[in-house]
Number of protein chains: 2
Amino acid sequence: MTVTQHAVPELEETTDHCASAERPHPRPDGQDRYTISEVAAHTGLSVHTLRWYERIGLMPHIDRSHTGQRRYRNTDLEWLTFVNKLRLTGMAVADMVRYADLVRQGDHTYPERRALLAATRQGVLRRIGELHDALTVLDFKIALYSDAPKAQERH
Amino acid sequence: MTVTQHAVPELEETTDHCASAERPHPRPDGQDRYTISEVAAHTGLSVHTLRWYERIGLMPHIDRSHTGQRRYRNTDLEWLTFVNKLRLTGMAVADMVRYADLVRQGDHTYPERRALLAATRQGVLRRIGELHDALTVLDFKIALYSDAPKAQERH
DNA sequence: GGCTTGCCTGGAGTGCACTCCAACTCTTTA
DNA sequence: TAAAGAGTTGGAGTGCACTCCAGGCAAGCC
């Protein structure tokens with residue numbers, strides 16, 4: 001449960017200027033120039049986190065508008081979706097940066113990328129095992145508390 | 001932490017220096033007076049963490065030797081084993097402290113303990129789902145890197 | 001022109017879960 | 001008797017992954 005949370009997706013500006021940016025969902029290639037807050041709404045990451053990801057090298061180069069504002073593309077959205085999956089696996093951010101580096105370096109890094117993902121996969125399997133294990137204990141305890149509310153036991 | 005030691009001079013010295021501290025495994029009740037480093041070896045937690053757990057109220061009262069050193073019992077080992085399981089579920093330490101509190105308060109807290117564990121259980125199930133999800137993506141990517149080492153794709 | 005909104009930056013701050021430190025006591029071994 | 005080794009404490013430090021802040025810029029609206 002330590003996966004962090006952030007804000008609610010809530011409906012932001014249903015009040016005034018309704019015809020404005022009310023679309024966290026992808027647009028077809030060619031019209032895909034999302035502001036940072038659109039991307040935040042779409043990915044569930046905060047704008048802080050998006051900028052931080054860029055700073056630490058977890059993002060490819062992001063286009064800018066003529067005033068210097070970020071304009072994300074569909075490929076950036078896809079990358080972030082994948083990053084989110086990696087995050088869910090519990091992969092350390094440093095490892096994700098390493099992976100992003102490998103992607104930047106080109107196709108000859110396929111084996112190393114594959115190895116990185118395979119190691120992550122192993123970790124996920126181990127974690128699932130641990131969780132199943134913990135689940136058994138939880139079920140046992142819960143049954144104790146449910147079935148014998150007056151029984152004598154310790155914790 | 002001003003509880004200090006009282007009573008319980010008992011037979012502690014029988015287990016102190018007889019066998020060198022090379023026994024991370026439980027002994028029968030009655031001879032169960034483990035030093036902190038024995039408990040660390042048994043549980044996989046560091047001695048720092050064991051003392052910290054005590055400070056924050058995650059442990060019941062731990063007996064002391066006549067010189068003020070901790071002497072853990074089998075029940076303490078069992079509790080730590082359970083705590084480790086809760087840790088594996090991803091439960092926050094603050095919640096574990098809350099649970100420990102409920103245990104201290106007595107049997108009338110059964111319903112709340114049960115609720116806490118049930119919520120944790122839900123979290124574990126959700127987490128397992130996420131991990132399975134991530135596994136699918138990982139397998140897809142790994143297959144890409146394995147089967148088509150020269151294929152044209154992005155990340 | 002003034003106000004609001006959204007975005008920009010580098011750097012500082014936060015919360016969690018440890019992890020370590022200095023200075024001490026006590027016991028055992030050389 | 002001296003040194004080593006394991007334990008004690010309160011408090012400070014660490015690493016991670018964000019999260020926020022101050023100060024500023026650009027655009028839209030009344």
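**Exercise 1. The surface near DNA strand D**

Task: State how many residues surround DNA strand D and which are the closest. Then work out which parts of the strand and of the protein are involved.

Solution.
- Step 1. Count the residues. DNA strand D is surrounded by 18 residues. The closest are A:His48, B:Ser37, B:Arg51, B:Arg55 and B:Arg70. Keep in mind that this is a predicted model.
- Step 2. Look at the strand. Take its atoms within 4 Å of the protein: 68% belong to sugar or phosphate, and the rest to bases.
- Step 3. Find the phosphate partners. The side chain of B:Arg51 has an N or O atom 2.3 Å from a phosphate oxygen of DNA strand D. For B:Arg64, a polar side-chain atom lies 3.1 Å from a phosphate oxygen of the strand. For B:Thr35, an N or O atom of the side chain is 3.3 Å from a phosphate oxygen of the strand.
- Step 4. Assign elements. Those that give two or more residues to this surface are α2 (47–55) of chain A, plus α1 (36–43) and α2 (47–55) of chain B. With four residues, α2(A) gives the most.
- Step 5. Sort by class. The surface near DNA strand D has five nonpolar, eight polar and five charged residues.

**Exercise 2. The symmetry of the two chains**

Task: Find what turn and what shift lay chain B on chain A. Say why the copies count as related by a rotation axis.

Solution.
- Step 1. Superpose. A turn of 180 degrees, with a shift of 0.0 Å along the axis, lays chain B on chain A at an RMSD of 0.1 Å.
- Step 2. Interpret. The two copies are therefore related as by a two-fold rotation axis.
- Step 3. Locate the axis. In chain B, the C-alpha of B:Ile128 is the nearest to the axis, 3.0 Å from it.
- Step 4. Compare the contact surfaces. Of the contact residues of chain B, 96% recur in chain A, and the same surface serves both copies.

**Exercise 3. The interface between chain B and chain A**

Task: Describe the contact by residues, buried area and polar links. Then name the elements on the side of chain B.

Solution.
- Step 1. Count both sides. Chain B puts 45 residues into the contact and chain A puts in 46 residues.
- Step 2. Take the area. About 4400 Å² is buried between the two chains, 68% of it on carbon and sulfur atoms.
- Step 3. Add the polar links. There are 12 residue pairs in polar contact across the interface, both residues at pLDDT 80 or more. Salt bridges between chain B and chain A number four.
- Step 4. Assign elements. On the side of chain B that touches chain A, α3 (74–89), α4 (93–105) and α5 (110–147) of chain B give two or more residues. The largest share, 26 residues, comes from α5(B).
- Step 5. Sort by class. That side of chain B has 22 nonpolar, eight polar and 15 charged residues.

**Exercise 4. Salt bridges**

Task: Give the count over all chains. Then explain why the pair A:Lys85 and B:Asp133 joins two chains.

Solution.
- Step 1. Search the whole structure. The result is 22 salt bridges over all chains.
- Step 2. Take the named pair. The side chains of A:Lys85 and B:Asp133 form a salt bridge at 2.9 Å, N to O.
- Step 3. Place both residues. A:Lys85 is in helix α3 (residues 74–89) of chain A and B:Asp133 is in helix α5 of chain B, so the pair joins two chains.
- Step 4. Add another pair. B:Asp139 and A:Arg121 meet through their side chains in a salt bridge at 2.4 Å, N to O.

Technical notes: Residues numbered from 1 in each chain as written. Chains lettered and ligands numbered in written order. Predicted model: local features only at pLDDT ≥ 70, side-chain atom pairs only at ≥ 80, totals over all residues. Heavy atoms only, no water. Least-squares fit on C-alpha atoms with pLDDT ≥ 70 in both. Contact = heavy atoms within 4.5 Å. Buried area = accessible area lost by both parts, 1.4 Å probe. Polar contact = N/O pair within 3.5 Å; in protein donor to acceptor, adjacent residues only side chain to side chain. Nonpolar A, V, L, I, M, F, W, Y, C, P; charged D, E, K, R; others polar. Near = heavy atom within 4 Å.
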